[in-house]
Structure formats: structure tokens, C-alpha cells
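User: Please take a close look at the largest pocket of this model and at the parts that surround it. I would like the cut-offs behind each term as well.

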Amino acid sequence: MLAIDHLVVVSEDPEKDAQQFVEQHNVIAIEGGRHEKWGTYNFLAYFQNDSYIEWLGVFDEALARKSNLPLVKKAVEFLDQGKRGPLTFALRTEHLDKYLNNFEEKNIPYGGPYPGMRKRLDGSTLSWRMLFPEKSANLPFLIEWGSVANKPDDAAKINPRNLGEITIPGDSAIYKDVFQLTEKDYTVQLENGKLRFTNDQLDFKLSE
């Protein structure tokens with residue numbers, strides 16, 4: 001089953017916006033690291049249901065604009081439009097190739113898989129793969145992590161709360177076709193939370 005991995009919040013100043021969120025919600029956020037290949041960097045807030053919020057910013061605009069990664073392209077376009085805030089989210093899987101095969105069989109357009117890597121502050125390297133279905137502009141992307149778990153080095157930095165619900169605009173039927181997720185009462189149950197379909201913009205809720 002798929003799980004909520006993380007919500008991407010685009011920011012001009014990730015540290016400032018993460019700190020503002022910390023003060024509003026009484027949580028812990030930490031510096032993540034830099035994506036040297038893409039010209040981006042992040043701050044992160046981890047939650048106990050193996051999910052997190054990522055405040056994503058640009059440290060090298062020229063490099064970011066050259067990136068072929070759909071997420072970075074969307075982030076740059078978002079900032080160019082004067083927008084800030086939640087952009088998209090990732091669903092976690094341990095079977096990315098199965099979804100890739102499904103996309104091929106159903107002729108669902110996609111980008112990837114794209115490899116990712118980030119140096120953490122402790123010197124270790126995180127690696128992952130991403131797959132971007134392109135059947136609809138508002139779809140989340142899939143992520144599969146490598147051998148190193150994406151968790152803070154200190155368990156005390158994991159907030160004792162859950163990023164347990166993401167509210168999304170759009171048609172739930174697309175999620176059934178693309179991700180094989182079934183909706184009931186405008187809700188899709190995931191491994192560690194749920195997706196709720198609304199007519200509003202992308203948003204989220206924290207729960208205890």
C-alpha cells in the first residue's frame with residue numbers, strides 16, 4: 001500500500017517559513033540539506049507516522065532553471081508566478097518498478113524514474129528514485145527510498161504528531177487509474193494516513 005511520504009512547500013526562504021510553522025504549530029523543524037545537482041535546498045519537519053513536510057527553496061537559480069526534474073521545474077514556475085506554499089506531495093512505495101510497468105501497460109504518460117541524492121549535515125548521503133505520472137497536472141509523484149532511511153539522526157527531532165491527512169482538488173477516479181487507489185466517501189485510505197478530495201486547494205492537517 002502507498003503511504004504519505006512528504007508534502008512539498010515552495011518557499012523563497014525555507015528557514016524563515018519553517019520557523020514560522022514551528023512557532024504556529026509547536027513542532028520541531030531542522031535543516032535538511034542541499035540538492036547540488038538541482039540548485040535547491042530544504043528544511044524539514046518529521047512526524048511519527050513516517051512522513052514529513054519539506055520547505056523547498058532555490059540557492060542557485062540558474063542551475064534550478066536548467067533542471068529537467070519535474071518537481072524543480074514546477075517549483076521554479078510556482079515562484080515565477082509569485083506563488084508560495086504547498087505545491088505537491090509524494091506517495092511512498094517500495095515497488096516503484098511495478099508502478100512503472102503499470103504506466104507502460106495502461107499508456108499513462110510519465111517522467112522518470114529520476115534518481116535523487118542529498119548530502120545530510122552528518123555527512124551521510126540519502127538516495128531515492130522518483131516517478132512522475134503526467135495524466136493530470138495536479139497528480140502527486142511516487143518516491144522510493146534507497147538503503148539509508150530518511151529519518152533524522154536524533155529521534156527526538158521527530159514530532160509526536162502525524163501528517164495524517166492531505167486534502168486535494170481533483171477527480172478521485174484518476175487516482176484509481178494511476179495509483180490503484182480506491183475512494184470511499186471522498187477519501188482514500190493510505191498506509192499512514194488518508195487523502196481527502198475537496199474542491200479547495202492543496203492543503204494538509206496535523207493530528208496527534
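Analyst: What follows describes the pocket first, then its neighbourhood, and then a second pocket. This is a predicted model, in which local features need pLDDT of at least 70 and side-chain atom pairs count only at pLDDT 80 or more, while totals for chains, interfaces and linings use all residues. Residues are numbered from 1 along each chain as its sequence is written, and side-chain values use heavy atoms, with hydrogens and water left out.

The largest pocket has a volume of about 690 Å³, where a volume is the space filled by probe spheres set on grid points that are joined across faces, edges and corners. A pocket here is an open set of points on a 1 Å grid over the protein atoms alone, where a 1.4 Å probe fits, with protein on both sides within 12 Å along at least five of seven lines, and lining residues have an atom within 4 Å of a point. Its lining comprises 29 residues, and F78, G85, P86, L87 and L202 lie nearest the centre. Two or more lining residues come from each of helix 1 (14-25), strand 4 (51-58), helix 3 (70-80), strand 5 (85-92), strand 10 (162-169) and strand 13 (203-207); helices (H or I, at least four residues) and strands (E, at least two) are DSSP runs numbered from the N terminus. By class, the lining of the largest pocket has 15 nonpolar, 8 polar and 6 charged residues, with Ala, Val, Leu, Ile, Met, Phe, Trp, Tyr, Cys and Pro counted as nonpolar, Asp, Glu, Lys and Arg as charged, and the others, Gly among them, as polar.

In helix 3, the buried residues include P70, L71, V72, A75, V76, F78 and L79, buried meaning under 20% relative accessible area (1.4 Å probe, protein chains only). Just after helix 3, G82 takes a positive phi of about 80 degrees. T88 lies in strand 5 and, at 5% relative accessibility, counts as buried. Leaving aside residues up to four places away in sequence, T88 touches L7, V8, L71, L139, P140, F141 and L202, contact meaning heavy atoms within 4.5 Å.

The second largest pocket has a volume of about 510 Å³. Of the 26 residues that line the second largest pocket, A3, D5, R92, E94 and W145 are the closest to its centre. Strand 1 (3-10), strand 3 (40-47), strand 4 and strand 8 (141-145) each give two or more residues to this lining. By class, the lining of the second largest pocket has 13 nonpolar, 6 polar and 7 charged residues.

Definitions and conventions. Buried means under 20% relative accessible area, exposed over 50%, partly exposed in between (1.4 Å probe, protein chains only).
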